[in-house]
Amino acid sequence: MLGEIAHFLLNTVFTLFGAALILRVWMQAVRVPPYNPVTQAVLQATNWLVLPLRRVIPGVRGIDWASVVAALVTALVYVGLVVVLIGIDPAAFAPAIVIAALLTVVQWALNLVLWMTILMALLSWLNPRSPAMPILYQLTAPVLNPLRRVIPHLGGIDLSPLLLFVIVQVLLMVVTRAKFLLTHLGI
């Protein structure tokens, strides 16, 4: 039982921090204004890791590579701690840990897209004039706009978030299955 609690706490803390790092990359890529409260919270939560990395790893073409590397390092630490918690020597499974860390970052990114889309859809119904709506729209527009060109509006209802939800769920199933096979085949 103690192991399950430790795994739950590790998963929660590392997932939230990893999502914040990915959100930092995403906000910079779509040029969210730096002085809104959401951006400030993400920056304050992640600066301790990203700013030292930024001295060594520059951003290129609008991508904050220091934050990307920070997310990968966070995932490596998370997967390594989980492996140690299970009682396996991490050195024996180093390649599998690296692959699992990459899949974990992909999983965090997909979950972030999912939750941002759900939050935007809910706020658009409940409080469309919310101060968070412009930020959420700016963040989700790059993934929803291509779907909006394919799916017509039905009576003023935008079904693109629903399609994105289905696509992301399928991708999450694929990533989860890949992580499962990785751990059970002992790669």
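1. Which side chains meet in a salt bridge at 2.8 Å, N to O, with Asp64 as one partner? The partner of Asp64 in this pair is Arg54, and the separation of 2.8 Å runs from N to O. Arg54 lies in helix 2, whereas Asp64 lies in the loop between helix 2 and helix 3, so the pair ties together parts of the chain that are ten residues apart in sequence. Please keep in mind throughout that this is a predicted model.

2. The overall make-up of the chain is a good place to go next. The chain has six helices and zero strands, and from the N terminus on its elements run α-α-α-α-α-α. The C-alpha trace spans about 55 × 35 × 35 Å along its principal axes. Of the 187 residues in the chain, 37% count as buried. If one takes the contacts with a separation of 6 or more, 63% of them are accounted for by residues 24 or more positions apart.

3. The surface and the charges can be described briefly. About 11,300 Å² of the chain is exposed, and 75% of this area is supplied by carbon and sulfur atoms. The chain carries 10 positive and 4 negative charges, and the mean positions of these two groups are 15 Å apart.

4. The interior deserves a careful look, and a general remark may help a new reader. In soluble globular proteins, nonpolar side chains tend to be buried together. In this model, the largest nonpolar core has 48 residues, and those with the most contacts inside it are Leu23, Trp26 and Leu139. Helix 1 (2–29), helix 2 (37–54), helix 3 (65–86), helix 4 (94–126), helix 5 (133–150) and helix 6 (160–185) each supply at least two residues of this core. The helix that gives the most to the core is helix 4, with 14 residues.

5. Leu139 is a useful residue to follow in the structure. When its neighbours within four places in sequence are left aside, Leu139 is in contact with Leu23, Trp26, Met27, Val30, Val32 and Met116. Two of these partners, Leu23 and Trp26, are named together with Leu139 as the residues with the most contacts inside the largest nonpolar core.

6. Met120 offers a second example. Met120 is found in helix 4, and it is buried, with a relative accessible area of 6%, which is under the 20% cut-off for that class. Not counting residues up to four places away in sequence, Met120 touches Met133, Leu136, Tyr137, Thr140, Leu144, Arg148 and Pro161. For one of these partners, Thr140, the C-alpha atom is separated from that of Met120 by 8.1 Å, although the two residues are 20 residues apart along the chain.

7. How many salt bridges does the structure hold? There are three, and a general point explains the idea behind such pairs: side chains of opposite charge can pair when their charged atoms come close. Besides its pairing with Arg54, Asp64 also meets Arg24 in a salt bridge, at 3.5 Å from N to O. This second pair links distant parts of the chain, with Asp64 in the loop between helix 2 and helix 3 and Arg24 in helix 1, 40 residues apart.

8. The surroundings of these charged residues can be compared by their accessibility. Asp64 and Arg24 are both buried, and Asp64 is assigned to that class because its relative accessibility is 2%. Arg54, by contrast, counts as partly exposed, because its relative accessibility is 33%.

9. The remaining salt bridge is formed by the side chains of Arg148 and Asp158, at 2.8 Å from N to O. Arg148 lies in helix 5 and Asp158 in the loop between helix 5 and helix 6, so this pair ties together parts that are ten residues apart in sequence. Asp158 is partly exposed, with a relative accessible area of 27%. Through shared partners, salt bridges join Arg24, Arg54 and Asp64 into one network.

10. Finally, two arginines merit a check of their backbone angles. Arg31, placed in the loop between helix 1 and helix 2, has a positive phi of about 60° although it is not a glycine, and it is exposed, with a relative accessible area of 70%. Arg61, placed in the loop between helix 2 and helix 3, has a positive phi of about 55° although it is not a glycine, and it is exposed, with a relative accessible area of 82%.

Definitions and conventions
Residues numbered from 1 in each chain as written. Predicted model: local features only at pLDDT ≥ 70, side-chain atom pairs only at ≥ 80, totals over all residues. Heavy atoms only, no water. Core = buried A, V, L, I, M, F, W, Y, C linked by side-chain atoms within 4.5 Å. Buried < 20%, exposed > 50% of the residue type's maximum accessible area, 1.4 Å probe, protein only. Helix = DSSP H or I, 4+ residues; strand = E, 2+ residues; numbered from the N terminus. Contact = heavy atoms within 4.5 Å. Salt bridge = Lys/Arg side-chain N within 4 Å of Asp/Glu carboxyl O. Areas by Shrake-Rupley, 256 points an atom, 1.4 Å probe, with all protein chains shown as cover. Lys, Arg positive; Asp, Glu negative; His and termini not counted. Charge placed at Lys NZ, Arg CZ, Asp CG, Glu CD.
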